[in-house]
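Me: I should like to go through this model and ask, point by point, how each label is justified. Please set the values against the cut-offs in your replies.

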Amino acid sequence: MTTAVAGRVRAAAAALRLGWRASPRGVLLQLLLALLTGVLPAVVAYVAKLLVDALTGAGGPHAADGTRVAWLAAAGAVLTGATAVLNHLSTLVTALVGRSVNLEVQDRLYERVNAYRGLRPFEDPATQDRIQLAESAAQGAPHDVLDFLLDLVRSTLTIAGFLGTVLVFWPPMGGLLVGCVAVSVLGQVRASRAMADTAAAVVPTTRRQFFYRRLLTDARAAKEIRLFGTGPLFRRRALDGLRETTGASLAALRRGVLVQSGLASVTAAVAGVAAVVVARQVLAGRITLGDMTLFTAAVAAVQGALSAIVMQLGRAEEALQLFGHYLALIGSPPDLEDGDRVPAPLRQGITFEDVWFRYTPGGPWALRGVDLHLPHGRAVGLVGVNGAGKSTLVKLLCRFYDPERGRILWDGADIRTMPVKELRRRIGATFQDFMTYDLTAAENIALGAPEHLGDLDRVRVAATRAGIDRELKGLPRGYRTLLSRAFTDEDEESGVLLSGGQWQRVALARSLMREDAELLILDEPSSGLDALAERQVHQALRRHRAGRTSLLISHRLAALREADLIAVLFEGRVVERGSHDELILLGGRYAELFAAQAEGYRDDPDHPDGPGDLARHPVPTPVPTPAPRSATEVPDVPEGAR
Ligand code: ADP
Ligand code: MG
């Protein structure tokens, strides 16, 4: 309980600091307005009392003075008007400060999310839930907290201004008011806590419901939904989710309303009793009618201010709890430790040393003791069946995760000692599950080096290397064509959609934007390409790869003829390595895989997707000459080395 309170106090202090940093002048103005609007009600009530006394002749020597009555009436009107204007002004200033705070909070939230160096947070449901809570907190929680603190100042002043009056006329009233407040604070806090707990509890359901809802309107999902007829199923699941989440918050709200209604009745009863007591004092001539006006106004004002605090307390409690999630996310430790040793350009190579890795602590191993050397300036081909761990190895090399055991060495130094940014700056990679952005063709490529976003020449060089320049140039608006049908461009024109293979080459071009990359990683870069296009891409890439360390991954063995060395990954371990011929001679996994792929095309050796020439050499014939290449191609490895 006390830790919860301490947490709330910390959150409130953080909200205050945030507001102050976002808009110090705004906060000061808010405070000034809170002071004024806090004091004014007492002044207005006192003027009203003087007026009533003047009218009833109970106010001493000047009581029946007409000018005085007029002045008092005018002053009352002016003060009432001023209070109203200041309240409106306060709403405006609150909105202005709220906007600044909101911008600041959102910015920090996404800054923190961007600061995750690895991928784990994005695959961890608990972190996803926390991000979602933090996002909803960022919408208004700190602002609500600020509001509450200012209202507290305002209401405290109002109460202070009136409480004396209440106590003078009927002291027991003070006790009654305090009692009512204590009960309603407790009720409200409990109700609000329940609300915030509900909000946290339904987050997983909400996220799932979003997922189904998005599916129903997703262009990519539309085909399967229509063919398989899964629409009603997804619709039902989306609705069930919505029913569950809204039902839970409605239940919490119902409890809150019940508590508040009970308290409002009690408050009204107390006010009624007080009115009777004071009215009898007036009749008995112990106090004036003006005093009674003042007393009634005081009771109403104190009750109003107290219930405002209580209501605000509820909102603040909810906001503070949500804001706590935000603060926890912002203050969470880095998911991966950064290194600080900036290495010299790669000279020897990259080495995997007994690398073990699994995605979840108790889960199956994806890599189980990988030993592999990528020599500097050479191309290593990595083959293996689906799920062998090829893409996992790439992700570890980019340090999206750290190995559980073993090390990855960059010229002999553990990559964990390098700044993550520096490591990634030296890598050009096309991932198997690359991104397709709803942006123009030029931007889709230029994102590979955002510092060159406007450099169309560079974009075209990359596109040419990836073998997609001609096709992109031929689009309705050339490189300015939007590669999406989800948006329209500045002329309200809808974009075009590329085929899978075209997208793959765009992704490849994106990774080639980083011209000074020391390590080139291509994870199945041509799986969506036809054999001709694949050959063109590899020819173009061969020149780009010259002198660069590369890791080429493919399930199509023919694609790896470009590699200087081939490693076979099997069940998370490198089980064979060598040249194509050595591996064929070995008669192990590679030979088996090769035979299987050759088998697929045995009836059609000229099939463009087949292993081509290689398939025609009976296994294990040594030194199969690669298929004739175009005259422009400059081999970077002597043929004899193959
Ligand atoms: P490959 O690229 O060789 O086909 P992967 O490296 O993608 O294989 O996958 C290796 C194993 O790790 C597979 O069993 C796969 O299911 C699992 N795996 C891959 N990515 C994830 C992930 N993000 N979370 C959990 N398991 C994963
Ligand atoms: Mg893969």
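Me: Where is Glu 317 located, and what makes it count as buried or exposed?

Reply: In this predicted model, Glu 317 lies in helix H10, which covers residues 289-330. Its relative accessibility is 8%, and buried means under 20%. Glu 317 is therefore classed as buried.

Me: How do you know that the side chains of Glu 317 and Arg 8 form a polar contact?

Reply: The two side chains are joined at 3.1 Å, and a polar contact requires a pair of N or O atoms within 3.5 Å. The pair therefore meets the distance limit. Leaving aside neighbours within four places in sequence, Glu 317 is in contact with Arg 8, Val 189, Ser 192 and Arg 193.

Me: Why are Ser 391 and Gln 432 called donors of the magnesium ion, ligand 2?

Reply: The atoms concerned are OG of Ser 391 and OE1 of Gln 432, lying 2.0 Å from the ion. Donors are N, O and S atoms within 2.8 Å of the metal, so both atoms qualify as protein donors. Water is not among the atoms, so the site may look incomplete.

Me: What makes this pair a link between separate parts of the chain?

Reply: Ser 391 belongs to helix H11 (residues 390-397), whereas Gln 432 is in the loop between strand E6 (427-430) and helix H13 (441-446). The pair therefore ties together parts that are 41 residues apart in sequence.

Me: Why is Ser 391 called partly exposed, and what is the class of Gln 432?

Reply: Ser 391 has a relative accessibility of 22%, and the value for Gln 432 is 39%. Partly exposed lies between the limits of 20% and 50%. Gln 432 is therefore partly exposed, and Ser 391 also falls within these limits.

Me: Which residues are closest to ligand 1, and which element gives the most to its shell?

Reply: Ligand 1 is surrounded by 13 residues, the closest being Gly 387, Gly 389, Lys 390, Ser 391 and Thr 392. Helix H11 gives the most to this shell, with 4 residues. By class, the shell has 4 nonpolar, 6 polar and 3 charged residues.

Me: What polar atoms of the protein lie by ligand 1, including those of Glu 123, Gly 389 and Lys 390?

Reply: A polar side-chain atom of Glu 123 is 3.0 Å from a nitrogen atom of the ligand. A backbone N or O atom of Gly 389 is 2.9 Å from an oxygen atom of ligand 1, and a polar backbone atom of Lys 390 is 2.8 Å from an oxygen atom of ligand 1. On its own, ligand 1 has 560 Å² of accessible area, of which the protein covers 61%.

Me: Where is Arg 477 placed, and why is it called partly exposed?

Reply: Arg 477 is in the loop between helix H15 (469-473) and helix H16 (500-512). Its relative accessible area is 23%, above the 20% limit for buried and below the 50% limit for exposed; it is therefore partly exposed. Not counting residues up to four places away in sequence, Arg 477 touches Asp 489, Asp 491 and Glu 493.

Me: What is notable in the phi of Glu 571, and how do you know its exposure class?

Reply: Glu 571 has a positive phi of about 45° although it is not a glycine. It is found in the loop between strand E9 (565-570) and strand E10 (573-578). Its relative accessibility is 55%, and exposed means over 50%, so Glu 571 counts as exposed.

Terms used
Residues numbered from 1 in each chain as written. Chains lettered and ligands numbered in written order. Predicted model: local features only at pLDDT ≥ 70, side-chain atom pairs only at ≥ 80, totals over all residues. Heavy atoms only, no water. Donors = N, O, S within 2.8 Å, 3.2 Å for Na, K, Ca; no water. Helix = DSSP H or I, 4+ residues; strand = E, 2+ residues; numbered from the N terminus. Buried < 20%, exposed > 50% of the residue type's maximum accessible area, 1.4 Å probe, protein only. Near = heavy atom within 4 Å. Polar contact = N/O pair within 3.5 Å; in protein donor to acceptor, adjacent residues only side chain to side chain. Areas by Shrake-Rupley, 256 points an atom, 1.4 Å probe, with all protein chains shown as cover. Nonpolar A, V, L, I, M, F, W, Y, C, P; charged D, E, K, R; others polar. Contact = heavy atoms within 4.5 Å.
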